[in-house]
Amino acid sequence: MTDTFIVAGAGFAGAKAVETLREEGFDGRLILIGDEHERPYERPPLSKDYLRGDAERETIYVHPERFYAEHDVDVRLGRRAVELDLGARELVLDDGEWLHYDRLLLATGAEPRRLAIAGAQLDGVLYLRSVADCDALRERFDRGGSVVVVGAGWIGSEVAASARTRGLDVTVLEPQAVPLERVLGPELGAVYRDIHLDHGVRMRLGTGVEAFEGAGAVERVRTSAGDTIDCDFAVVGIGVRPRTELAERAGIATGDGILADEQLRTSAPEVFAAGDAVSAQHPFYGERIRVEHWANALEQGPAAARNMLGREQPYERLPYFFSDQYDVGMEYTGYAPTWDRVVFRGDPAAREFIAFWLAGDHVVAGMNVNVWDVVDPIQRLIRERVTVDDRRLADPGVPLDALVPAEAS
Ligand SMILES: Cc1cc2nc3c(=O)[nH]c(=O)nc-3n(C[C@H](O)[C@H](O)[C@H](O)COP(=O)(O)OP(=O)(O)OC[C@H]3O[C@@H](n4cnc5c(N)ncnc54)[C@H](O)[C@@H]3O)c2cc1C
């Protein structure tokens with residue numbers, strides 16, 4: 001009898017996991033289940049070039065269509081896994097089919113948080129997670145007019161940038177004082193605020209949304225400041241929540257995500273988890289972290305696959321993500337729930353700089369903005385917990401490599 005491995009969730013992490021299982025020689029039965037009707041695709045273009053109409057549909061997919069048949073992957077699209085019986089090692093799909101597994105990977109991702117306020121159900125109040133959401137938004141972009149973006153996190157900020165680039169009239173509502181404040185803090189949030197202001201976005205900061213109003217379709221947004229903003233449609237980007245229901249109902253430990261150990265194994269020994277859905281013990285940080293970014297899905301899917309094959313390798317990559325808004329590209333590496341101060345190398349006003357977040361005398365995160373090929377030395381500074389001197393860190397004349405002791409590099 002050959003083994004059966006099932007991957008529940010046909011997103012980026014799931015697709016990279018099945019690819020790795022075959023690459024690593026798994027020759028048993030392999031089933032990939034996804035509740036969307038599309039084969040696995042990457043989401044970053046959905047707020048950037050694909051949303052603006054600058055990229056072809058075919059460019060978003062993880063694999064060419066023929067990949068799955070060529071690698072003998074039984075792909076079930078438009079099928080949701082609804083129940084999991086850990087004792088019998090069976091997964092139940094929404095059409096009633098029962099599937100036995102020897103190993104299961106939960107790569108169920110995350111879904112947008114929804115607003116529960118008056119008018120939230122009106123036509124034209126949109127969210128962005130799937131390519132179907134994106135196609136609906138693209139169609140609104142094509143019609144032009146005005147949009148209110150609720151939330152200036154990464155998705156809201158990128159949607160605002162794409163909408164402005166397409167010539168729409170854009171207002172951003174954000175309860176915090178600057179965009180992205182929770183992740184980047186006030187200094188870097190101010191940089192992004194100014195980038196949007198320079199491109200003609202109206203930034204209503206320190207202002208939340210109270211209600212959507214209109215007859216059948218949204219026509220205006222009522223703000224926490226008591227005024228209203230007219231719009232043709234609204235996009236809500238207020239964060240995501242991990243999709244843990246399947247695991248939770250089966251009795252697998254969950255918290256802020258499906259809880260897993262360093263090898264991405266859940267509290268059920270034959271069940272692993274990867275991507276946006278998992279909160280995994282991280283060897284470097286000594287705690288569980290959940291990372292909602294592309295590179296994490298890219299690396300954790302394969303890492304979980306190898307551990308499903310018994311390799312017993314801890315997943316220890318440092319978090320990394322990127323964002324593109326207008327002509328400003330950035331990469332962020334590290335994990336900084338708290339920090340003491342931010343040191344800049346280069347001039348933030350010129351939008352070509354590196355920012356370092358420090359805790360005590362060492363760097364906990366770094367972000368390069370329109371500066372490239374520096375992620376490796378930034379990661380070494382973090383990983384080696386190098387004691388840094390703020391002045392040398394800020395001095396573009398001192399190569400970053402020179403800050404890392406020779407024995408650590
Ligand atoms: C618009 C947008 C832009 C982004 N831009 C960036 C960026 O610039 N940089 C960056 O680093 N990250 C970005 N991200 C984040 C990145 O795309 C995610 O981190 C990544 O998609 C996570 O992959 P995943 O496979 O874990 O989850 P997902 O991509 O969410 O895939 C999970 C899949 O599983 C399916 N599923 C869930 N439950 C079940 C079930 N019970 N049965 C069957 N199927 C199920 C879901 O429908 C989904 O298709 C962006 C995300 C979005 C939405």
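## Surroundings of Arg140

Arg140 makes contact with Asp123, Gly124, Leu126, Asp232 and Phe233, leaving aside residues up to four places away in sequence. The model described here is a predicted one. Within it, Arg140 belongs to helix α4, which covers residues 131-143. Because its relative accessibility is 12%, and the cut-off for a buried residue is under 20%, Arg140 is classed as buried.

## The ligand and its shell

A total of 34 residues surround the ligand, and those that come nearest are Asp35, Glu36, Arg43, Lys48 and Arg129. By residue class, the shell consists of 15 nonpolar, 8 polar and 11 charged residues. Several secondary-structure elements each contribute at least two residues to this shell. The helices among them are α1 (12-23), α5 (154-165) and α8 (294-308). The strands are β2 (29-34) and β23 (320-325).

Backbone atoms also approach the ligand. Two of these approaches involve a ligand nitrogen atom: a backbone N or O atom of Ala81 lies at 2.9 Å from one, and a backbone N or O atom of Phe322 likewise lies 2.9 Å from a nitrogen atom of the ligand. For His293, a backbone N or O atom is placed 3.2 Å from an oxygen atom of the ligand. On its own the ligand has 1,000 Å² of accessible area, of which the protein covers 95%.

## Pro44 and its link to Phe322

Pro44 sits in the loop that runs between β2 and α2 (49-52). Apart from residues up to four places away in sequence, Pro44 touches Trp294 and Phe322. The second of these partners, Phe322, is 278 residues from Pro44 in sequence, yet their C-alpha atoms are 9.2 Å apart in space. Phe322 is also the residue with a backbone N or O atom 2.9 Å from a ligand nitrogen.

Is Pro44 buried or exposed? Its relative accessibility is 19%, so Pro44 counts as buried, given that the cut-off is under 20%.

## Cysteines

How many disulfides does the structure hold? The number is 0. A disulfide is a covalent bond between the sulfur atoms of two cysteines. For Cys134, the closest cysteine sulfur is that of Cys231, and the separation of 19 Å is too far for a bond. The sulfur of Cys231 in turn has that of Cys134 as its closest cysteine sulfur, at 19 Å, so a bond is ruled out by distance. The cut-off for a disulfide is a sulfur pair within 2.5 Å.

Both cysteines are classed as buried: Cys134 has a relative accessibility of 0%, and Cys231 has a value of 5%.

## Positive phi angles

Most residues other than glycine have a negative phi. Leu180, which is not a glycine, nevertheless has a positive phi of about 60°. Leu180 lies in the loop between β11 (169-174) and α6 (181-198). With 4% relative accessibility, Leu180 counts as buried.

Tyr326 also has a positive phi, near 55°, and is a residue other than glycine. Its position is in the loop between β23 and β24 (328-334). Strand β23 is also one of the elements that supply at least two residues to the ligand shell.

Technical notes. Residues are numbered from 1 along each chain as its sequence is written. This is a predicted model: local features need pLDDT of at least 70, side-chain atom pairs count only at pLDDT 80 or more; totals for chains, interfaces and linings use all residues. Side-chain values use heavy atoms; hydrogens and water are left out. A residue is near a molecule or strand if one of its heavy atoms lies within 4 Å of it. A polar contact is a pair of N or O atoms within 3.5 Å; within protein, one must be able to donate a hydrogen and the other to accept it, and residues adjacent in sequence count only if both atoms are side-chain atoms. Accessible areas come from the Shrake-Rupley method with a 1.4 Å probe; for residues, only the protein chains shown count as cover. Helices (H or I, at least four residues) and strands (E, at least two) are DSSP runs, numbered from the N terminus. Ala, Val, Leu, Ile, Met, Phe, Trp, Tyr, Cys and Pro count as nonpolar, Asp, Glu, Lys and Arg as charged, and the others, Gly among them, as polar. Buried means under 20% relative accessible area, exposed over 50%, partly exposed in between (1.4 Å probe, protein chains only). Contact means heavy atoms within 4.5 Å.
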